[in-house]
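Work through the exercises below with the model open beside you. Try each task before you read its solution.

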Amino acid sequence: MIRADHISKTFRLYRKPSDRLKELILRRNYHSVHCALHDVSFQITDGQTLGIIGQNGAGKSTLLKILTGVLLPDTGDVQISGRITGLLELGTGFNMDLTGLDNIRANAMLLGMTQEQIQARRTAIIAFAELGSFIEEPLKTYSSGMVMRLAFAIAIHADPVCFVVDEALSVGDAYFQQKCMRRIQEFRANGGSILFVSHDMNAVKTLCDEALLLENGCVIDRGSPKAVVDHYHAMFLSRSHHGDLPVAINKPPEVIDTQPAQSIVVESPLVGTGEVRLLKLELYNAADQLIQHLTSEEPLRIVAHIQTLRDLDQPHYGIGIRNRLGQSVFETNTYCMGQHPPALVAGETVQVIWQFTVNLIAGDYSITVGVGNRPYGTGSFSEILFFSHDLTMLKIETNTTAIRYDGYFNMHPSVTICTPELPILPNE
Ligand SMILES: Nc1ncnc2c1ncn2[C@@H]1O[C@H](COP(=O)(O)OP(=O)(O)OP(=O)(O)O)[C@@H](O)[C@H]1O
């Protein structure tokens with residue numbers, strides 16, 4: 001179990017290195033203070049995977065350094081019922097002049113392993129790292145991927161209670177990354193906790209039990225990975241908004257509304273200015289019946305009734321389908337489709353009708369709706385008027401007449417089996 005209570009950390013920033021010396025000698029203030037973490041508290045239980053997300057400079061690395069004992073907090077307390085290891089600051093504790101073998105001993109000691117433990121694990125560490133004869137060469141001859149292999153092998157064999165998985169893992173090649181991920185899954189299955197720090201939001205949604213969003217050193221959200229990642233995306237979306245009215249970010253729903261959403265008025269979308277309202281969102285099958293269930297491979301019609309409260313000169317409409325984990329399986333908008341929807345005047349209502357054949361594997365899906373004005377680039381909007389996930393639920397059932405397949409979509413493959421022709425022997 002890991003418990004962080006009210007962790008805060010500030011750094012002193014000096015304009016020039018000489019300012020530190022001046023401050024010491026002249027006893028005057030030559031620094032400004034930067035608060036990297038402010039009153040951060042959380043707990044990770046055994047076997048839990050906690051995702052930590054946030055934009056560059058949000059405070060993720062500082063938090064990890066405090067948890068792993070590399071940095072001391074100014075205030076607050078960390079309690080860990082064992083060892084926490086990971087790839088943090090790749091190469092920390094390695095001596096580049098020593099061989100891989102010598103570094104195993106030195107690094108494992110730094111992690112607090114006893115001589116007996118090091119001796120017992122040495123062979124397994126060497127075997128896991130797969131460095132061949134390089135294990136007897138100095139680390140300065142290693143590539144960064146090779147250093148990562150050694151660091152991971154030591155860290156995972158140090159009997160941690162919590163393992164930190166961060167972007168440093170991506171230094172490894174695809175083969176070794178997969179090997180590491182398998183080992184991490186094993187560690188987790190055996191009750192180990194994982195702190196997952198990544199900018200890969202799909203991985204956060206897939207791997208984590210819970211996520212924590214850091215912004216300017218503060219925890220601004222914590223909850224299901226899907227909801228927290230939505231909040232994170234909403235922050236980015238709202239930054240691209242340049243409309244007259246400010247865009248508001250609302251808390252995304254934790255639970256998808258499973259009631260038929262024939263008449264929903266979404267007053268507070270995930271992101272929106274309040275200038276556009278979604279009055280109704282309806283799902284229809286081929287027989288024109290309002291539905292929440294559909295058989296895979298059948299046509300679906302989604303009708304979004306949208307009202308604008310102000311004039312829109314270049315409105316565009318977006319639609320998305322997400323799976324149970326909140327991963328986008330399909331999304332597009334009228335701008336990306338090369339459409340030019342007509343301008344709208346204040347008070348006007350439009351019906352945006354989307355039609356698909358749903359070639360999705362059976363499961364629970366949800367619908368995302370967006371409305372923007374004034375598109376630019378490859379599909380961004382100067383004004384984000386309405387954007388919300390999980391507005392209604394769609395349950396896709398297996399189509400027993402379709403082929404059996406695994407994955408996300410039925411790609412409707414065709415297959416040809418060729419028998420190699422017999423070689424033609426040259427005439428003699
Ligand atoms: N040693 C330091 N001295 C001064 N400021 C620091 C120091 N370490 C971090 N900071 C500052 O603290 C803030 C948080 O940095 P941190 O590295 O924790 O962010 P991060 O969320 O890990 O970012 P990234 O996603 O880019 O890795 C940043 O503004 C950074 O400039």
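## Exercise 1: The six-stranded sheet

Leu50 has its bridge partner in strand 7: it is Leu195. This is a predicted model, where local features need pLDDT of at least 70, side-chain atom pairs count only at pLDDT 80 or more, and totals for chains, interfaces and linings use all residues. Residues are numbered from 1 along each chain as its sequence is written.

**Task.** Find how strand 3 and strand 7 run, and the order of strands in their sheet.

**Solution.**
- Step 1. Strands (E, at least two residues) and helices (H or I, at least four) are DSSP runs, numbered from the N terminus. Two strands pair if DSSP finds at least two bridges between them.
- Step 2. Strand 3 (residues 49-53) and strand 7 (residues 193-197) run parallel, joined by four bridges.
- Step 3. The open sheet has six strands in the order 5-6-7-3-8-9, with mixed pairing.
- Step 4. Strand 5 and strand 9 (218-223) are the edges; each has a single partner strand, so one side of each lacks a neighbour in the sheet.
- Step 5. From one strand to the next, the twist averages 20 degrees. Axes are lines fitted to C-alpha atoms, for helices over the stretch in contact, and angles run from 0 to 180 degrees between N-to-C directions.

## Exercise 2: Strand 6 and its surroundings

**Task.** Which strands does strand 6 join by bridges, and are its faces covered or uncovered?

**Solution.**
- Step 1. Strand 5 runs parallel to strand 6, with three bridges. Here Ile84 has Cys162 as its bridge partner.
- Step 2. Strand 6 also runs parallel to strand 7, with four bridges. Val165 stands opposite Phe196 in strand 7.
- Step 3. In a regular strand the side chains alternate between the two faces of the sheet.
- Step 4. Cys162 and Val164 lie on one side, Phe163 and Val165 on the other, and all are buried. Buried means that 20 or more other C-beta atoms lie within 10 Å of the residue's own, with C-beta atoms placed from the backbone.

## Exercise 3: Helix 5

**Task.** How many residues of helix 5 are buried, and what do they pack against?

**Solution.**
- Step 1. Helix 5 (residues 144-156) has 13 residues. From first C-alpha to last it reaches 18 Å, close to the 18 Å expected at 1.5 Å a residue. The expected span is 1.5 Å times one less than the number of residues.
- Step 2. Eleven of the 13 residues are buried, so helix 5 is largely enclosed by the rest of the structure. Among them are Met146, Leu150 and Phe152.
- Step 3. The buried residues pack against strand 5 (84-86), helix 3 (100-110), helix 4 (115-129), strand 6 (162-165) and helix 6 (174-189). Contact means C-beta atoms, placed from the backbone, within 7 Å.

## Exercise 4: The three-stranded sheet

**Task.** Which strands stand at the edges of the three-stranded sheet?

**Solution.**
- Step 1. The open sheet has the order 2-1-4, and its pairing is antiparallel.
- Step 2. Strand 2 (31-44) and strand 4 (75-80) are the edges; each has a single partner strand, so one side of each is left without a neighbour in the sheet.
- Step 3. Strand 1 (residues 2-14) pairs with strand 2 over ten bridges in the antiparallel sense. Ile7 has Val40 as its bridge partner in strand 2.
- Step 4. Helix 2 (residues 60-67) packs on the sheet and touches strand 1, strand 2 and strand 4. The direction of helix 2 makes about 120 degrees with that of strand 1.

Notes. Contact = placed C-beta atoms within 7 Å. Buried ≥ 20, exposed ≤ 12 C-beta atoms within 10 Å, placed from the backbone.
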